[in-house]
Amino acid sequence: GPASIDTSVNDDVFGQLKLNNICKILQKCNSLNIYLLSDDEADNISSALVLQNDKHLMTLAKEKSSPIIFVHARRDSYNEVFAHYSQYASDSKKMKIKVVDSAYLSIQSLKQDDNALPVNCVKHNTQTGTVDSPFTAMVVGFGATGQEAFKFLYEFASFIDSNKKKTPFKCYAFDEKMDKIEGLIRAKMPAITDDELTLIKTTVDSEIFWGRVKLVINDLNYIVVALNNDTLGMTLAVNLFKYALRYRDANLPQLKIMLRCYDRSNETRMKEVEKQLNVSARGLNVEIKLFSTSKELFTYNNVICNNVYDEAKEYHYIYENLLLPPEKQWKLTSEDLWEESFV
């Protein structure tokens with residue numbers, strides 16, 4: 001692959017890969033998307049950086065339009081830096097690199113699913129339009145998806161009560177490698193207190209884990225299972241589902257158990273389990289829900305045009321202009337205002 005090529009010796013990447021037909025195609029195309037979507041993040045990034053120096057792509061970028069390289073990788077601080085630079089640098093030789101983070105996209109799918117939103121899991125005061133109950137969550141597996149899930153819950157489960165106060169929020173996060181990631185997590189989220197986020201090092205079959213489940217089962221509103229293993233995740237989700245039906249009070253708001261699907265080959269089986277369990281508990285206050293199937297993640301809107309990002313720009317444009325005096329409103333385009341604010 002491209003990562004193995006040394007462009008300081010020869011900048012014809014496709015030629016060195018014996019892909020001469022691609023060189024001919026590139027001479028005729030006006031625009032180009034390149035997808036590096038393997039599960040090897042390091043290889044994807046290295047390949048993207050090598051391709052930035054390919055003479056054919058540099059010519060295309062200079063004479064027509066800059067190729068866009070979509071890279072499957074984590075949206076961490078390092079990857080965000082070079083992706084940001086590639087999109088906004090003035091150097092016309094640079095390709096535009098966009099990071100495709102499956103963990104981030106999986107949580108984006110939750111944000112766009114009305115049925116998956118935390119507001120469905122709390123007691124509402126219909127007279128005041130506020131929330132009358134605290135929100136307690138559990139995230140099992142605190143890797144990339146688990147951390148994105150916590151950010152989602154912290155934002156979308158922030159409610160106001162009838163006294164105009166923020167309702168209490170609590171999240172328990174479990175991971176067998178928590179001792180290795182806790183320091184970085186706390187450093188990245190310094191404003192989050194121990195009362196809001198409790199980090200626990202344990203496995204899902206331990207007495208520690210099930211002891212905590214027993215302790216908080218009547219407080220729980222939302223569980224995210226993100227173990228990076230479909231078999232283990234499905235088993236845990238089913239056990240939590242049955243445990244909640246057995247021990248949770250019937251008059252409580254709905255408990256949602258969200259299970260991430262990692263392997264496309266498991267989707268059909270997991271969807272059938274989800275369907276049968278929910279049918280068996282119809283009318284009760286527990287629901288299991290599969291999320292992050294490949295069909296939901298890798299869509300045109302999510303990956304290519306990023307419609308949520310575009311909608312954010314438009315929202316920001318209208319919001320900011322409404323704060324300005326009339327004589328200064330609508331002077332910039334939405335794109336210019338976005339760049340002025342954030343770029």
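Student: What makes Asp 101 a cap at the N-terminal end of α6?

Tutor: A side-chain oxygen of Asp 101 lies 3.0 Å from the backbone nitrogen of Ala 103. A polar contact is a pair of N or O atoms within 3.5 Å; within protein, one must be able to donate a hydrogen and the other to accept it, and residues adjacent in sequence count only if both atoms are side-chain atoms. The value of 3.0 Å therefore fits that limit. Bear in mind that this is a predicted model, where local features need pLDDT of at least 70, side-chain atom pairs count only at pLDDT 80 or more, and totals for chains, interfaces and linings use all residues. Residues are numbered from 1 along each chain as its sequence is written, and side-chain values use heavy atoms, with hydrogens and water left out.

Student: Why is helix α6 called mostly covered?

Tutor: In α6 (residues 102-111), 8 of the 10 residues are buried, among them Ala 103, Leu 105 and Ile 107. Buried means under 20% relative accessible area, exposed over 50%, and partly exposed in between (1.4 Å probe, protein chains only). Across the 343 residues of the protein chain, 45% count as buried.

Student: How do you know that Arg 269 is partly exposed?

Tutor: Its relative accessibility is 45%, which lies between the two cut-offs, so "partly exposed" is the right label. Arg 269 sits in helix α11 (residues 267-280). Helices are DSSP runs of H or I with at least four residues, strands are runs of E with at least two, and both are numbered from the N terminus.

Student: Which residues make up the nonpolar patch on the surface?

Tutor: Tyr 315, Tyr 319 and Leu 323 form it, with about 390 Å² of accessible area together. Patch residues need over 30% relative accessible area and no salt bridge (a side-chain nitrogen of Lys or Arg within 4 Å of a carboxyl oxygen of Asp or Glu); nonpolar side chains (Val, Leu, Ile, Met, Phe, Trp, Tyr) are joined within 5 Å, like charges within 9 Å. Tyr 319, at 46%, therefore passes the area cut-off. Tyr 319 lies in helix α14 (residues 307-322).

Student: What makes β8 and β11 edge strands?

Tutor: The open sheet has 6 strands in the order β8-β7-β6-β9-β10-β11, with parallel pairing. β8 (197-201) and β11 (286-291) each have a single partner strand, so one side of each is left without a neighbour in the sheet.

Student: How do you know that β10 pairs with β11?

Tutor: Two strands pair if DSSP finds at least two bridges between them. Here 6 bridges join β10 (residues 255-260) to β11, so they count as paired. Ile 257 stands opposite Ile 288 in β11.

Conventions
Accessible areas come from the Shrake-Rupley method with a 1.4 Å probe; for residues, only the protein chains shown count as cover.
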